[in-house]
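Let us walk through this structure together, one step at a time. Have the model open beside you and turn it as you read.

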Amino acid sequence: MSFIAMNRFKVRAGSEADFEEVWRSRESRLKEVPGFKEFRLLKGPEGEGYRLYSSHVIWATREDFEAWTKSDAFRAAHKNAGQSSTKDALVGPPQFEGFETVLHEG
């Protein structure tokens with residue numbers, strides 16, 4: 001079954017449009033990577049001074065995800081992740097969560 005890799009981001013209030021634009025304008029290489037199935041950027045509820053977002057990537061297997069994290073495509077996709085414009089929009093670092101699919105209805 002599939003593997004879902006998610007990162008949660010707390011985006012400072014007022015920085016939501018800039019954060020979304022970083023994702024829209026990024027050079028995604030996911031479609032070139034074996035095992036990639038689907039990507040979504042999810043906008044969640046507001047908290048105290050922030051809006052919650054999550055990147056949600058579905059992989060065929062955990063092994064496909066792990067291979068991607070060690071690839072040149074991963075390094076290229078994350079080369080600007082530490083830029084001040086990105087960091088300034090966040091309240092703390094992203095929080096990774098990985099899930100194995102145990103049941104799927106489609």
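Is Arg 62 buried, partly exposed or exposed? With a relative accessible area of 31%, Arg 62 is partly exposed, since buried would mean under 20% and exposed over 50%. Please keep in mind that you are looking at a predicted model.

Arg 62 is a good place to begin, as its side chain meets that of Glu 100 in a salt bridge, 2.6 Å from N to O. This pair links distant parts of the chain: Arg 62 belongs to helix H2 and Glu 100 to strand S4, 38 residues apart. Glu 100, at 43% relative accessibility, also counts as partly exposed.

Another salt bridge can be found by going to helix H1. Here the side chain of Glu 20 meets the side chain of Lys 43, with 3.4 Å between N and O. Glu 20 lies in helix H1 (residues 16–25) and Lys 43 in strand S2, so this contact ties together parts that are 23 residues apart in sequence. The two partners have quite separate surroundings. Glu 20 is buried, because its relative accessible area is 15% and the limit for buried is under 20%. Lys 43 counts as exposed, at 51% relative accessibility. Salt bridges that share partners also bring in Arg 24, so that Glu 20, Arg 24 and Lys 43 form one network.

Strand S2 offers one more charged pair to look at. Arg 40 forms a salt bridge with Glu 38, and their closest N and O atoms are 2.4 Å apart. Arg 40 is partly exposed, with a relative accessible area of 46%, and Glu 38 is partly exposed as well, at 28%. In the whole structure, a search finds 9 salt bridges.

Now follow Glu 38 across to the neighbouring strand. Glu 38 stands opposite Ile 58 in S3. Strand S2 (residues 36–46) and S3 run antiparallel and are joined by 8 bridges. The two strands form a hairpin with 3 residues between them. In the turn you will find Gly 49, which has a positive phi of about 85 degrees.

S3 has a second partner too. Strand S1 (residues 3–12) pairs with S3 in the antiparallel sense, over 10 bridges. If you would like a landmark for this pairing, look for Asn 7, which stands opposite Ser 55 in S3. Why can S3 be called largely enclosed by the rest of the structure? Of the 10 residues of strand S3 (residues 50–59), 9 are buried, and therefore the strand is largely enclosed. As you look along the strands, one general point may help: in a regular strand the side chains alternate between the two faces of the sheet.

Next, turn to the aromatic rings. The count comes to 11 aromatic pairs. One of them is formed by Phe 65 and Phe 96, whose rings are stacked, 5.6 Å centre to centre and with 10 degrees between the planes. Phe 65 lies in helix H2 (residues 62–69) and Phe 96 in strand S4 (residues 95–100), so the pair ties together parts that are 31 residues apart in sequence. Phe 65 is buried, with a relative accessible area of 13%, whereas Phe 96 is partly exposed at 43%.

Trp 68 and Phe 74 make an edge-to-face pair, with 4.7 Å between the ring centres and 85 degrees between the planes. Trp 68 is buried, having a relative accessible area of 11%, while Phe 74 is partly exposed at 22%. These four rings belong to one aromatic cluster, made up of Phe 3, Phe 36, Trp 59, Phe 65, Trp 68, Phe 74 and Phe 96.

An aromatic ring can also face a charge. The charged end of Arg 26 sits over the ring of Phe 39, 4.5 Å from the ring centre.

Finally, let us look at both His 104 and Met 1. His 104 lies in the segment after S4 and counts as exposed, at 60% relative accessibility. How far apart are His 104 and Met 1 in space? Although 103 residues separate them in sequence, the two are 8.4 Å apart from C-alpha to C-alpha.

How values were computed. Residues numbered from 1 in each chain as written. Predicted model: local features only at pLDDT ≥ 70, side-chain atom pairs only at ≥ 80, totals over all residues. Heavy atoms only, no water. Buried < 20%, exposed > 50% of the residue type's maximum accessible area, 1.4 Å probe, protein only. Helix = DSSP H or I, 4+ residues; strand = E, 2+ residues; numbered from the N terminus. Pairing = 2+ DSSP bridges. Phe/Tyr/Trp six-rings, centres within 6.5 Å; stacked < 30°, edge-to-face > 60°. Lys NZ or Arg CZ within 6 Å of the ring centre and 35° of its normal. Salt bridge = Lys/Arg side-chain N within 4 Å of Asp/Glu carboxyl O.
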